Amino acid sequence: MLTTKDCRRALTTDQAIDAIYPTSIVINLSGPEGNIFYIQGVCKQVMRELRLDMAERNKFTQELEGKTYKERLQIMTKWFGFIFIGIE
């Protein structure tokens, strides 16, 4: 459940606005949604909904390759404006 603090943070996150494909989707990393495979599934769903072509999807996927968990979260924020809560 989102707290008031989380909502305030979500509403003021500039990264979400500056994303390549801004969605402002909020994901709580402290629960099951924090699993990297779950988050990557959300990315795939967003790319389908945005009807991104295969070249753009591959570009995103290649950018994730070999990256750490934190680096992947940063890339996902850069691309889709995801707002991650439940972490410090």
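Q: How much area does the protein expose, and what share of it do carbon and sulfur atoms supply?
A: In this predicted model, the protein exposes about 5,900 Å². Carbon and sulfur atoms supply 54% of that area.

Q: And what percentage of the residues is buried?
A: Here, buried residues come to 35% of the 88 in the protein.

Q: Which pattern of helices and strands do I meet along the sequence?
A: Reading along the sequence, you get α-α-β-α-α-α-β. That's five helices and two strands.

Q: What percentage of the contacts between residues at least 6 apart joins residues at least 24 apart?
A: For this protein it's 67% of them.

Q: Let's take one helix. Which residues of α4 are buried?
A: Helix α4 runs over residues 54–64, and its buried residues are E56, F60 and L64. Look down the axis of α4: the buried residues fall within an arc of 80°, so they line one face of the helix.

Q: Which residues are exposed on the other side of α4?
A: There you'll find M54, A55 and Q62 exposed.

Q: What do the buried residues of α4 pack against?
A: They pack against two helices, α3 (36–49) and α5 (69–80).

Q: What about the residue G66 that follows α4: is its phi positive or negative?
A: The phi of G66 is positive, near 75°.

Q: Now for charges. How many salt bridges does the structure hold?
A: The general idea first: side chains of opposite charge can pair when their charged atoms come close. In this case the structure holds one salt bridge. K78 forms it with E63, and the closest N and O atoms are 2.4 Å apart. Since K78 sits in helix α5 and E63 in helix α4, the pair ties together parts that are 15 residues apart in sequence.

Q: Is K78 buried, partly exposed or exposed? And E63?
A: The partly exposed class runs between 20% and 50% relative accessible area. K78 has 41% relative accessibility, so it counts as partly exposed. E63, at 22%, counts as partly exposed too.

Q: Which residues is E63 in contact with, leaving aside its neighbours within four places in sequence?
A: With those neighbours set aside, E63 is in contact with I75, K78 and W79. Take I75: E63 and I75 are 12 residues apart in sequence, and their C-alpha atoms are 7.6 Å apart in space.

Q: And what does the side chain of E63 do with the side chain of W79?
A: The two side chains make a polar contact, at 2.9 Å.

How values were computed: Residues numbered from 1 in each chain as written. Predicted model: local features only at pLDDT ≥ 70, side-chain atom pairs only at ≥ 80, totals over all residues. Heavy atoms only, no water. Helix = DSSP H or I, 4+ residues; strand = E, 2+ residues; numbered from the N terminus. Buried < 20%, exposed > 50% of the residue type's maximum accessible area, 1.4 Å probe, protein only. Contact = heavy atoms within 4.5 Å. Areas by Shrake-Rupley, 256 points an atom, 1.4 Å probe, with all protein chains shown as cover. Arc of directions from axis to C-beta. Salt bridge = Lys/Arg side-chain N within 4 Å of Asp/Glu carboxyl O. Polar contact = N/O pair within 3.5 Å; in protein donor to acceptor, adjacent residues only side chain to side chain.
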